Amino acid sequence: MAVTLKDIAELLGVSVNTVSRALKDKSDISEKTRLRVKEAASALGYRPNLNARSLVLKKTHTVGLAVTESDNPVRMEFCEKLRSFAARDGYGILTVSLDHAWSSDNFLAIEDLLARRVDGLILGATWGLIGEQPLGEQLKECRKIGIPAVLFGQAQTELADCVEIDLKESAIRLTRHLIERGYRKITFFESNPASLVLKGYRQAMEGAGLADGLRIVPAYSGRMDVAFAVMEKFLKKEKELPDAVIASNDLGAIGFLAALRKHHISVPQQCAVAGFDNIVFGQYTAPPLTTIGYDNGLFSETVWNMMIRRLRNEETGPAKRERILQTLIVRQST
């Protein structure tokens, strides 16, 4: 059974109130008594009952975090940095994973966080008109019961604060980099025809007068193993190599590098490769990977600062929006 304040009090022959105040370092308890109580608590293996504390304070000091691609290195780094900022301010992070498709499982995962009485909610990646999606109803409920929410992605909403990641602009800059390097036939691998990165890619190619060199392969390339298989199939089918290929993220780009290497295709001499995210592994690939991504320290701090201002009631006005620009990292793969 769990050790209680009463157990410590009985052992020391003092009141439960004295034990409680000693463990909280109250000034009306002598240093000698505080030391005795803490030594007894440690010897007995006492742990404070956070559930009971939450009932009294009506706060759990936890924030729910729901993200896609939780096993992607860039997302893992974001989560850990966010966790450190939260800990600095006395909060814990409770994390669940989301599917890209935003199926009913996603909404159940968010409901689970709310059922655990989190004080705030951070959601990503979110896209489009949130008020017209089932997620909008959950955010309305959060607003009604006083739970602040921060979204990141390309959400269009007044129901929550949002950190905007401008993927279209990132794709424009990455594609223009390839064009400036002299690549003309540039193939983009992306399964979502409505993707913002495709819009940026198209804009950059057409703006440079390279519509003839524009090609989109409708294949998912967000995992190393899947991207490797996709590139293998592509190479067997195609008679002519493109000048450059772009994967939907760095994991996919690493898979492309492996497939090209297997087929003795030199990068970037015969075919350049680029991705998105700026994961740490990218600098150690052969050759090192050109990518575009955000500084996870800045990104996580921006998200957390929006949340903590709401939790402390330092920000009580309408939903805020901040924009994060990604950084182009040019390496030897292009």
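Which exposed residues does the face of helix 6 turned away from its buried side carry? The legends below start there; the model is predicted.

**View 1. Helix 6, its buried face and its exposed face.** The face turned away from the buried side of helix 6 carries the exposed residues Ser 104, Leu 108 and Ala 115. Helix 6 covers residues 104-115. Its buried residues are Asn 106, Phe 107, Ala 109, Ile 110, Leu 113 and Leu 114. Down the helix axis these fall within an arc of 155°, so they line one face of helix 6. The length fits too: at 1.5 Å a residue, its 12 residues should span 16 Å, and the end C-alpha atoms are 16 Å apart. Just after helix 6, Arg 117 takes a positive phi of about 60°.

**View 2. Helix 7 and the glycine that follows.** Helix 7 runs over residues 134-145. For its 12 residues, 1.5 Å a residue gives an expected span of 16 Å; the end C-alpha atoms lie 18 Å apart, which agrees. Leu 135, Gly 136, Gln 138, Leu 139 and Cys 142 are buried in this helix. They cover an arc of only 160° around the axis, which puts them on the same side of helix 7. Pro 134, Lys 144 and Ile 145 are exposed on the other side. Gly 146 follows helix 7, with a positive phi near 80°.

**View 3. The largest nonpolar core, seen around Phe 78.** This core has 48 residues. Phe 78, Ile 122, Ile 186, Phe 299 and Trp 304 touch the most other members. Helix 12 (residues 296-311) gives the core its largest share, seven residues. Which residues is Phe 78 in contact with, leaving aside its neighbours within four places in sequence? They are Leu 65, Val 67, Phe 152, Asn 296, Phe 299, Ser 300 and Val 303. A second, separate core holds 22 residues, among them Leu 135, Ile 147, Ala 155 and Leu 159. Leu 135 is also one of the buried residues of helix 7.

**View 4. Strand 1 and strand 2, a parallel pair.** Seven bridges join strand 1 to strand 2 (residues 92-98). Thr 68 stands opposite Leu 98 in strand 2. Between the two strands the chain passes through helix 5 (residues 73-88). This β-α-β crossover is right-handed.

**View 5. His 61, with positive phi in a residue other than glycine.** Phi of His 61 is near 55°. His 61 lies in the loop between helix 4 (50-57) and strand 1 (62-68). Is this residue buried or partly exposed? At 23% relative accessibility, His 61 counts as partly exposed, because that class begins where buried, under 20%, ends.

**View 6. The loop between strand 9 and strand 10, with Asn 278 and Pro 287.** Asn 278 is found in this loop. Its phi is positive, near 60°, in a residue other than glycine. Asn 278 is partly exposed, with a relative accessible area of 23%. Pro 287 has its place in the loop that leads to strand 10 (290-293) from strand 9. A cis peptide bond joins Ala 286 and Pro 287, with omega about -5°.

**View 7. The cis peptide bond from Val 267 to Pro 268.** Omega of this bond is near 5°. Pro 268 sits in the loop between helix 11 (250-262) and strand 9 (272-276).

Notes:
Residues are numbered from 1 along each chain as its sequence is written. This is a predicted model: local features need pLDDT of at least 70, side-chain atom pairs count only at pLDDT 80 or more; totals for chains, interfaces and linings use all residues. Side-chain values use heavy atoms; hydrogens and water are left out. Helices (H or I, at least four residues) and strands (E, at least two) are DSSP runs, numbered from the N terminus. Buried means under 20% relative accessible area, exposed over 50%, partly exposed in between (1.4 Å probe, protein chains only). The expected span of a helix is 1.5 Å times one less than its number of residues. The arc is that of the directions from the helix axis to the C-beta atoms. A nonpolar core is a set of buried Ala, Val, Leu, Ile, Met, Phe, Trp, Tyr and Cys residues joined through side-chain atoms within 4.5 Å. Contact means heavy atoms within 4.5 Å. Two strands pair if DSSP finds at least two bridges between them. A crossover is right-handed if, with the strands pointing away from the viewer, the path from the first strand over the helix to the second runs clockwise.
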